[in-house]
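Student: I am new to this structure and would like a close look at a single part of it, taken slowly.

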Amino acid sequence: MAGRQLMVGAAPDLWVVPQPSGNEHFVVRGGVGGIAFSLEELLGGAEKLDLLAEQLEDSERELQSIRTALWDLRNDPWNTGAAALDSMDSALGALYAVRVSFQVLGSGVRRSMLDYQAAEQKAALLRAVGLGPEPGTGSAFFQWPPGLDQVESTLGTAPLTAGLLLGIAPGKFAALIAADLVLGRRFGAIRPLVAAIADAHPQLAPRPISAEAGAPQVMTLVPTPAGLLKRVQLLEDLPDPTVEVVRLAGSGSGSPAYVVVIPGTQNSAPLGGSNPFDVAGIAEALGFGSPETTAAVHAALTEAGAVAGDPVVAVGYSQGGIHAMNLAQNDDFLADFDLRYVLTAGSPVGDVQLRPGVESLSLEHRQDWVPGSDGTPNRDARNQVTVTLTDPVATPAGQGLGLGPGHRLDSYVAGAEKVDQSQDPSLVASRGALTGILGTGGTATAVRFTMTRAPATSMVGGASPNVPPRAPAISLGTDGGKAGPAEKGGEDSADRQKQERMRMGRR
């Protein structure tokens with residue numbers, strides 16, 4: 001059932017079901033061409049048929065009342081009243097036949113929708129226990145480095161065993177598994193499992209992150225998936241952990257639009273040190289929902305000039321993509337900024353369910369195991385599109401294997417360039433949504449923020465390191481050492497409390 005298999009032959013004027021793209025470079029799931037959206041269209045078509053049948057039934061009742069009024073003319077000469085009564089009978093018969101055909105057609109459409117839903121649910125249940133095929137590209141199961149399908153299928157059930165081995169109370173772990181099922185995930189409980197591991201290893205727990213702004217730079221932004229991922233490439237080449245905030249005119253709505261660019265995981269020693277994008281950053285993203293990174297991004301956006309209600313696009317690669325998607329689940333962030341679009345590449349974001357009004361485009365590669373490391377396939381939803389790149393890739397000569405050739409950022413940029421040119425209906429709609437936010441691009445202003453994780457010894461009163469007691473100061477390197485919000489003596493108490501809530505990760 002994965003992919004674009006749905007075909008509708010009846011009443012084609014009531015809805016449009018997109019066909020498969022047939023592109024040999026990638027497979028597309030979700031969006032306006034996905035199964036979930038097609039099922040919504042089937043239900044919408046059935047409801048329209050029901051409405052038409054109801055309207056015809058109303059017309060039948062009206063004609064019946066007219067026929068009753070004409071009944072006394074039944075014995076009159078044919079050329080006076082009897083002919084009118086006969087015509088009324090014919091009209092009633094025709095209306096009845098059309099109404100019944102609409103009702104039969106509507107019932108058939110509903111049965112078809114239920115059949116598709118039952119098949120999808122059965123496939124999802126088999127995948128949940130690791131027995132069914134993944135809705136991916138069918139990569140070889142045994143390979144090295146492992147591929148997306150291999151890891152996603154294996155880790156879909158592995159956390160259950162791992163959690164029991166780690167000594168998590170059976171009752172508590174059963175509750176975590178039940179919560180996963182309610183959310184449509186596997187039997188994995190990935191996020192609670194990562195949080196439990198962080199409890200045992202404090203260096204993995206979140207700690208406050210400060211953001212130091214650099215000098216604004218004038219640049220040219222290309223507002224396409226490939227153009228945005230190239231901004232990530234620039235950050236990957238920097239020596240310090242950096243988040244970029246780009247400000248541009250937007251789509252002409254009057255408000256500027258902002259793009260937040262977050263890099264991937266950076267090898268850094270010691271683990272859980274000052275670099276917030278080290279391996280401990282993955283634990284913050286997967287296990288805790290990125291509370292500290294979200295707070296730091298919020299502060300960076302504010303310093304870059306963003307105000308409440310400004311539209312925001314978040315872009316992230318690998319770990320950065322998890323942080324970017326977690327922005328879409330943070331109530332405080334969404335209360336202040338209008339996050340509309342998230343672009344990820346090589347990121348495990350399968351258990352994220354976006355709210356209405358937020359769209360996402362997630363790029364994965366068949367040879368990349370990282371997007372499958374959460375053990376959960378990405379959702380097939382109207383506002384969530386997943387592109388699985390299928391072109392074979394190899395590690396360039398003379399370079400280390402790293403996490404495998406499929407996880408290389410340049411492979412994702414090359415794939416995104418093909419996505420930019422695709423006429424697949426889901427991708428056309430997704431690119432249209434991005435253009436509606438950012439416009440056609442052009443001259444923009446970028447501010448880069450060096451991100452620094454607070455030392456573990458900064459925790460006050462022996463508090464658990466994953467529950468920071470207060471927000472850190474923000475160092476503003478461009479204003480001659482101007483005090484950040486936490487340093488201002490006259491700071492409004494409500495603002496201070498709000499920042500504290502964000503640092504605490506409350507939602």
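Student: Is F337 buried or exposed, and what can be said about the residues that come before it?

Tutor: In this predicted model, F337 counts as buried, because its relative accessibility of 3% falls under the 20% cut-off. A pair of aromatic rings is described by the distance of the centres and the angle of the planes. By the rule used here, the count comes to one aromatic pair, and that pair is formed by F333 and F337, whose rings are tilted, with 5.3 Å from centre to centre and 50° between the planes. F333 is buried as well, with a relative accessible area of 0%.

Turning to the strand and the loop, G316 belongs to strand β6, which covers residues 311–317, and G316 is buried with a relative accessible area of 0%. Apart from its neighbours within four places in sequence, G316 is in contact with I262, G321, A324, L343, T344, A345 and S347. For one of these, T344, the C-alpha atom is separated from that of G316 by 5.0 Å, although the two residues are 28 residues apart along the chain.

S318 is found in the loop between β6 and α10, the latter being residues 319–327, and S318 is buried, with a relative accessible area of 6%. Most residues other than glycine have a negative phi. S318, however, has a positive phi of about 55° although it is not a glycine.

Conventions: Residues are numbered from 1 along each chain as its sequence is written. This is a predicted model: local features need pLDDT of at least 70, side-chain atom pairs count only at pLDDT 80 or more; totals for chains, interfaces and linings use all residues. Side-chain values use heavy atoms; hydrogens and water are left out. Rings of Phe, Tyr and Trp (its six-membered ring) pair if their centres lie within 6.5 Å; planes under 30 degrees apart count as stacked, over 60 as edge-to-face and the rest as tilted. Buried means under 20% relative accessible area, exposed over 50%, partly exposed in between (1.4 Å probe, protein chains only). Helices (H or I, at least four residues) and strands (E, at least two) are DSSP runs, numbered from the N terminus. Contact means heavy atoms within 4.5 Å.
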